[in-house]
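The following exercises concern backbone geometry, burial and model confidence. Please inspect the sequence and coordinates before reading each solution.

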Amino acid sequence: MLEWIARGLSKRRVTTRYPAHTEPGPPGYRGSVSVRDAGGAAPELARVCPTGAISVDGGDIRLDRARCILCGDCVRAAPERFAFSERYETAARSRAGLIAGGTNEDEEAEPARRALGEQVRALKRSIHVRHIDCGSDGAEEWEIQALWNPFYDIQRLGFFLTAAPRHADVLLVTGGVTGPMRAPLERTWDVMPEPKALVAVGTEACSGGLAAAGGLVAGGVDQVLGVDVYVPGSPPAPIAIMHGLLLAVGLLREEPSA
Ligand code: SF4
């Protein structure tokens, strides 16, 4: 027992202080892909991307981060055009916000977000999160689970997991929504009380991912329900998901440009 107390005292605090303090990604961390030089590109450049995230229109590069699986093929093939960003903050409040050069704002969702933020403050920041897996490969679930470990400890920010949708304020959805999961997803959302927010986590939830081409999934959560915040990544890191949750309940305003 004394040994554990001594060990705890010697290590001091290990829990991240995010979002009060920035949490830098480790060297080489792949948070997202950014476009360094978007003009004058040849159409063939789009072929380097195995997921169709890159397109070239009139010489201009368009990169859809919702479809990016962070494989790195584009960075290796054209480092003068693409680069990895080590930032964790990749979430966007609109689908357009995930396109390089797009806008992050979804003005229609703003009143609901403000109402949820006011409720969070009124309830002393207690917010209940329901997670539903709609056909994920399981990677996002590991990252979501990590949010409640001693390092990330998202409970210090007032987020608690709940199994009861009627008690939930935020719905975290993973997976591109397979046919059998469409109705359970809709039922879960319907019984959640207002105000509420929906956060799509991972490439599959944001766009359907690689499975979308086969027609086995709806092609992203927004094909079934309105999404308040998109957290791209395959899978996104726990801090990236935390950033998305804070955006969804109106406790953070800042978003990166794509
Ligand atoms: S890192 Fe993303 S954008 Fe680049 S080739 Fe891979 S999937 Fe496409």
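**Exercise 1: Positive phi angles**

Val177 has 29 C-beta neighbours inside 10 Å and therefore counts as buried. The model under study is a predicted one.

Task: Determine where Val177 lies and which sign its phi has.

Solution. Val177 is found in the loop between β7 and α5. Its phi is near 75 degrees, a positive value in a residue other than glycine.

Task: Classify Asp153 as buried, partly exposed or exposed.

Solution. Begin with the backbone: Asp153 is not a glycine, yet its phi is positive, at about 40 degrees. The residue belongs to the loop between α4 (139-146) and β6 (159-161). Next, count neighbours: 14 C-beta atoms lie inside 10 Å, so Asp153 is partly exposed, since the buried class requires 20 or more and the exposed class 12 or fewer.

**Exercise 2: Cis peptide bonds**

Task: Locate Pro195 and Pro235 and state the omega of the cis bond leading to each.

Solution. Pro195 sits in the loop between α5 (179-191) and β8 (197-201); the cis bond joining Glu194 to Pro195 has an omega of about -10 degrees. Pro235 is in the loop between β9 (229-231) and α7 (238-248), and the cis bond from Ser234 to Pro235 has omega near 0 degrees.

**Exercise 3: Confidence**

Task: Identify which element has the lowest mean pLDDT and which the highest.

Solution. The protein averages a pLDDT of 88. Among its elements, helix α3 (residues 110-122) has the lowest mean, 65, and strand β7 (residues 170-174) the highest, 97. Where pLDDT is low, predicted coordinates should not be read in detail.

Terms used:
Residues are numbered from 1 along each chain as its sequence is written. This is a predicted model: local features need pLDDT of at least 70, side-chain atom pairs count only at pLDDT 80 or more; totals for chains, interfaces and linings use all residues. pLDDT is the predictor's confidence in each residue, from 0 to 100. Helices (H or I, at least four residues) and strands (E, at least two) are DSSP runs, numbered from the N terminus.
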